[in-house]
Amino acid sequence: MRNAEIADAFNDLATLYELDGAVRYRVLAYREAARVIRQSPVAVADLAREGRATELPGIGKTLAEKILALVESGEIPAMAKLLGRYPRSLIEVTRVPGIGAKRARLLFDELGVSSLAELREAAVAERIRGVRGLGPKVEDNVLAALDRLGAEGPTGRLLLAEVLPVATELATALRDHPASQEVEIAGSARRRTETCKDIDLIATASDPGALAHALAEHPLIAVAGHAGEAGARSTTHNGVKVDLRIVPPDAYGNLLQHFTGSAEHNVQLRERAVAMGLSVSEHGIADVASGKVERHRVEADVYGRLGLTYIEHELREGTGEIAAAAAGELPDLVTIDDIRGDLHSHTTLSDGKATLDEMAAAARERGYSYLAITDHSASHGFGNHVTADALARRIEEVRGWNEGAPRGFRLLAGSEVNILPDGSLDYPDELLAELDWVIASVHTAFRTGRAEMTERVLAAIEHPLVDCIGHLTGRLIGRREPYEVDVERVAAAAVRTGTMVEINGNPNRRDLSERNARLAAGAGVRICVNTDAHQVRTLGNMVYGIATARRAWLRAAQVANTRSWRGLERLRPRNLS
DNA sequence: GCCGTTTTCGGCCCGACTGTTTTCAGTCG
């Protein structure tokens, strides 16, 4: 059982307890446990079986027993009991914006509402206003929220690649405005999460009203809401909500820190502050004893006041960064400027849009010193069918290109070879041996199950001519679940054989995920950050690969393609042993 | 339900907003 499934069960259980009127902190304990389980880099099911679940922070004896029960029997007795009292569909009702557990329970008791459909019926029939404490406004909000849920689909979140360029363009435009002083993207876009709900901008200004209107009038904005001294709310043409907050300069650091989040990071920060006799809010840091409030113009001073080194925004997820900052042990994160080359790209030979020449020129323009051309292999099934002969000709073509190439840049003859269901590769070894660089990836038969998939990938890792494993879990964010593979075993084998593992920078993939990348790199796996570009433009997806690498706490030394090609070659499996 | 730089009991993050209330509970980020 996956961590995400266990976490979902505990979140549901938390909601059921909340519906049942349990004390708030008990509910909180279940939610915190769900969060910790979801973020755990190791399989919590295994920990529970080994009796080690209590090693996780926030998991005590009771919760450990419940995890074990869930893993071994598929259900938690306490949950089954509560589900006898409240239908499962009532959990959905608590997720409607504006309706929490208290109101859901009230509507369940008073009106018999137990599902989203019944909630809608009750609102339409104007029966909600008959419940004490609720009124007609709640009915309006419920209907609007239900319509929104329907329209936005299950999550309503957008990929970072859909949000960050818009946020960057708006921030740039505001910075160029004469009334602006400081402008920064905040929220999840600043943390470079995989998906974002909206865009938060924080600014200081000499003329706040003018800056707010500048946003409202920007060409990207389709619907301008209220714009005033405090900021503006708008929606872009592609449906992204933009919230600009204009704040006083003396508390800019406090506000930027607060609105960058994450929620978990802020909670942990405030807990630390309380232990120091301080109280943190977006308005400043108060000394509880004296009541005196200090404001901070820059974020570094907020962290400094709490005895912490500056925490890079990508790390602010409540996954250990506060303890590390307190100990002065935060890693010096890899940056995009550290990247010397891209080791995964496609051309028109398989399914890419650009020629070898075009991709090479674009890579040079990016300042790289190498680019691996890794078209799909023979059995791929879509794009062109790159036969062994075609690949042999391509190898000659690359060698010829390099002879006439300018100094300081070279193309690498490579391939993205399919890992077939039995773990074998679909080119003969003699041909692979001719290549400079071999990525092995799974593209077919995803649903073979965890054990089989793990063996399949391990076989490729053991192959002496495989340099790197591509997009390990095959996930497409929001569209396709990762396929099941034992990342710990993969990592252990990769360390032993010297095989590298990719962080694929395609914003739909970002695979390894930050959690898996942190786990793998922590085990000693050498990571490659690649784009898998299929055209010139998507070579720019390196920013998303680097975002994941940074969120995985990676230093430059852990990323193979921060080295020169000569330096990288020395790390390869075919040069080991 | 968890946990210990005050603690094995008694705490457990902060503030804004909304809608319903006549002083506040619920919800949200």
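Let's start with what covers helix H12. Its buried residues are covered by, among others, helix H10 (160–176) and five strands: S2 (180–186), S4 (199–205), S5 (221–228), S6 (231–236) and S7 (241–246). Keep in mind that this is a predicted model. H12 itself spans residues 208–216, and 7 of its 9 residues are buried. Which ones are they? Pro208, Gly209, Leu211, Ala212, Ala214, Leu215 and Ala216. So much for H12.

Now the whole chain. Chain A holds 24 helices and 17 strands. The C-alpha atoms fill a box of roughly 80 × 65 × 50 Å along the principal axes. How does the radius of gyration fit a compact globule? For 577 residues, such a globule would come out near 25 Å, and chain A has 26 Å, so the two agree.

On burial, 53% of the 577 residues count as buried. On contacts, take the pairs at least 6 apart in sequence: 68% of those contacts join residues at least 24 apart. Chain A exposes about 25,400 Å², and carbon and sulfur atoms supply 50% of that area. Charges next. There are 70 positive and 80 negative ones, and their mean positions lie 4 Å apart.

On to a small sheet. Three strands, in the order S8-S9-S10, make an open sheet with antiparallel pairing. Which strands stand at the edges? Strand S8 (278–281) and strand S10 (293–294) do; each has a single partner strand, so one side of each is left without a neighbour in the sheet. S8 and strand S9 (residues 284–287) run antiparallel and are joined by 4 bridges. To find the pairing on your screen, look at Leu278, which stands opposite Asp287 in S9.

A second pair of strands, this time parallel. Strand S16 (residues 500–504) pairs with S17 in the parallel sense, over 4 bridges. Glu502 has Cys528 in S17 as its bridge partner. Now follow the side chains of S17, residues 527–530. Ile527 and Val529 point one way, while Cys528 and Asn530 point the other way. Are these four buried or exposed? All are buried. As background, side chains in a regular strand alternate between the two faces of the sheet.

Next, backbone geometry. Most residues other than glycine have a negative phi, and most peptide bonds are trans. Here are four places to check against that.

Two are cis peptide bonds. One runs from Gly261 to Ser262, with omega near -5°. Ser262 sits in the loop between H13 and helix H14 (263–275). Another runs from Asp511 to Leu512, with omega near 5°. Leu512 belongs to the loop between S16 and helix H22 (514–523).

Two are positive phi values. Asp532 is not a glycine, yet its phi is about 60°. Where is Asp532? In the loop between S17 and helix H23 (542–551). Its relative accessibility is 7%, so Asp532 counts as buried; the cut-off is under 20%. Trp553 is not a glycine either, and its phi is about 70°. Trp553 lies in the loop between H23 and helix H24 (565–569). Trp553 is buried too, with a relative accessible area of 13%.

Now back to the region of that Gly261 to Ser262 bond. Arg191 lies in helix H11 (residues 187–191). Arg191 is buried, at 11% relative accessible area. What does Arg191 contact, leaving aside neighbours within four places in sequence? Thr260, Gly261 and Ser262 are among the contacts. So are His313, Glu314, Arg316 and Glu317, and Arg551 completes the list. Arg191 therefore touches both residues of that cis bond, Gly261 and Ser262.

Last residue: His258. His258 lies in helix H13 (residues 252–260). Beyond its neighbours within four places in sequence, His258 is in contact with Asn266, Arg270 and Glu282. How far is His258 from Leu19? They are 239 residues apart in sequence and 30 Å apart in space, C-alpha to C-alpha.

To recap, find H12 with its 7 buried residues of 9. Then find Arg191 in H11, and follow its contacts to Gly261 and Ser262.

Notes
Residues are numbered from 1 along each chain as its sequence is written. Chains are lettered from A and ligands numbered from 1 in the order in which they are written. Side-chain values use heavy atoms; hydrogens and water are left out. Two strands pair if DSSP finds at least two bridges between them. The radius of gyration is taken over C-alpha atoms; the globule rule is 2.2 Å times the number of residues to the power 0.38. Buried means under 20% relative accessible area, exposed over 50%, partly exposed in between (1.4 Å probe, protein chains only). Contact means heavy atoms within 4.5 Å. Accessible areas come from the Shrake-Rupley method with a 1.4 Å probe; for residues, only the protein chains shown count as cover. Lys and Arg count as positive and Asp and Glu as negative; His and the chain ends are not counted. The place of a charge is taken as NZ of Lys, CZ of Arg, CG of Asp or CD of Glu.
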